[in-house]
Amino acid sequence: MTIIRLCFLSFFVCTLLLGCKSGEEPAETAADQIDLIVKGSHIVTMDAAGTVIENGAVAIDEGVILAVGDAADIDATYSAVEVLDGGKRVVMPGLVNGHSHAAMTLLRGVADDLALMDWLQNYIFPAEVEFVDPEFVRIGTELACWEMIRGGTTTFVDMYYYPDTISKVVDSCGMRALISATVIDQRSPDAENADDSIAKGNGFIERWQGKNSRITPIFGPHANYTLNLEQLQATRAAAMKYGVPISIHVSESPFELQYAQDTYGMTSIEAYESIGFFDGPTIAAHVVWPTDKEIPILVDRKVGVIHNPTSNMKIASGIAPIAEMLEAGVRIGLGTDGAASNNDLDMWEEMRLASLLQKVDRMDPEVLPASTVLGMATIGGATAIGLGDKVGSLEIGKRADLIQVAFEDVHHVPTFDVISHLVFVSDEQDVASVVVDGKVLMKEREMLTIDTERVSSEATALASRIQAALQARNQKN
Ligand SMILES: [Zn+2]
């Protein structure tokens, strides 16, 4: 059916563009029934030309965008089973969260105001070994998916334990995700060491590769201070064997730079480059401290960099030179990192902070304008994680991942510039509807694929067990 409809569409476009006259009336085209039409007072397409269509609509069938254009034209061409109305609604691509540890929603607020290594080694790693099991991951990931859908995120890149459990949650909640099997050379919740985590990762990839078009199983080696170069090389070899990308923390903190210098006699990114780590697709989270010599490596090797401004500020990791990297041609997206270092999964906050942080760091209000960070949260992020040809913009043939942002709240009055509002005014509460792969996951703020009360009560119950155990441990010490 889709092919037939695309033919009708081609005919329709051809007629419009070339002024072709055909003997046959395109009556069937007008009656063509499709799955969904999403309307908006503005359609912010995020295509290469930056097209914004006023009083527009997006026509969707079988998960694919069939047409983007004037609402009256779409109405004349298609009738849809479901229509999301668009008065005072801005339609845009769903947000891409390029770096998260979703289940860490259950650890938000458990340890704040600490530097990265103190936070990781003395609080997070021990708490994870003690509390993280498949049930923790199921509840924490579902809680995260609820929060991400509510906030308009449609795709995320995750790195956590029990990736099969994460995948099952993503499968049922309807989001799109790259899900990493975490590789780390220490006892973790789901493995004993690096070799064990690579072996378990192989099994995960084999179980999920090609199973669900929304789920891409990948490897997530933690960092070059929790894995040595041989182990990183072995992880890349495994990823190459299956043809999957890698997600990893790179050049995050001054500790890592010192560690790389002391241990490998090189800067951190040079250490990766020295073993051919970037021979396959790489999603590098943070990249706060790249040197002038390292930035061209990121460009040449097409490394996707994910900027996490809130986490970098909260753990005081530093300020990533995003403006310099963009100027050099690095592919850059945005991420929240885990909720234990953020402490939420709000991509609107990441957009705003990304822009403000660069401006004050460079003492230049012109760097990272709204349109640039909106790109990083959508098509730029999609490109950085290797999905740029599939999602990230509203264009014919792409998968239908899009959101409606309500401009009804008084904080949007007046609106002179929609793009400016999306970055500097909008927040999670403004997201009205969310569509992934053509399926409506949230409609008029009603969550359709997650039972809000159940996940909330399960998370509360699990968190009180964690709190009781932490209190008992503190009393012992
Ligand atoms: Zn992280």
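Okay, let's start with Lys443, which comes out as partly exposed, at a relative accessible area of 31%. Keep in mind that this is a predicted model.

So who does Lys443 pair with? Its partner is Glu82: the two side chains form a salt bridge, 3.0 Å from N to O. Glu82 sits in strand β4, residues 78-84, and Lys443 sits in strand β16, residues 439-443, so this bridge ties together parts of the chain that are 361 residues apart in sequence. Glu82 is also partly exposed, with 25% relative accessibility.

Next up, Arg362 and Glu324. Their side chains meet in a salt bridge too, at 3.0 Å, N to O. Here we're linking two helices: Arg362 belongs to α14, residues 347-362, while Glu324 belongs to α13, residues 322-328, and the two residues are 38 apart. As for accessibility, Arg362 is partly exposed at 28%, and Glu324 is partly exposed at 34%.

Then there's Arg399 with Asp437, a salt bridge of 2.8 Å, N to O. Both of these are in loops: Arg399 is between α16 (379-384) and β14 (402-406), and Asp437 is between β15 (431-436) and β16, so the pair ties together parts 38 residues apart in sequence. Is Asp437 buried or exposed? Asp437 is buried, with a relative accessible area of 17%, whereas Arg399 counts as partly exposed at 23%.

Some of these bridges don't come as simple pairs. Glu135, Arg138, Glu142, Arg454 and Glu458 are joined into one network by salt bridges that share partners. Over the whole model, the count comes to 22 salt bridges.

Now for a charged residue that goes without. In general, side chains of opposite charge can pair when their charged atoms come close. Glu252 is buried, yet it has no salt bridge. Why no salt bridge for Glu252? The nearest side chain of opposite charge, Lys314, is 12 Å away, and a salt bridge needs the nitrogen within 4 Å of a carboxyl oxygen, so Lys314 doesn't qualify.

Where is Glu252, then? You'll find Glu252 in the loop between β10 (246-250) and α9 (254-264). And what does its side chain do instead? The Glu252 side chain makes a polar contact with the side chain of His286, at 3.4 Å. Leaving out residues up to four places away in sequence, Glu252 touches Leu116, Tyr225, His286, Val288, Trp289, Ser317 and Asp337. So if you've got the structure open, have a look at Glu252 and His286 together, since that's the polar contact I just mentioned.

Conventions. Residues numbered from 1 in each chain as written. Predicted model: local features only at pLDDT ≥ 70, side-chain atom pairs only at ≥ 80, totals over all residues. Heavy atoms only, no water. Helix = DSSP H or I, 4+ residues; strand = E, 2+ residues; numbered from the N terminus. Buried < 20%, exposed > 50% of the residue type's maximum accessible area, 1.4 Å probe, protein only. Lys, Arg positive; Asp, Glu negative; His and termini not counted. Polar contact = N/O pair within 3.5 Å; in protein donor to acceptor, adjacent residues only side chain to side chain. Contact = heavy atoms within 4.5 Å.
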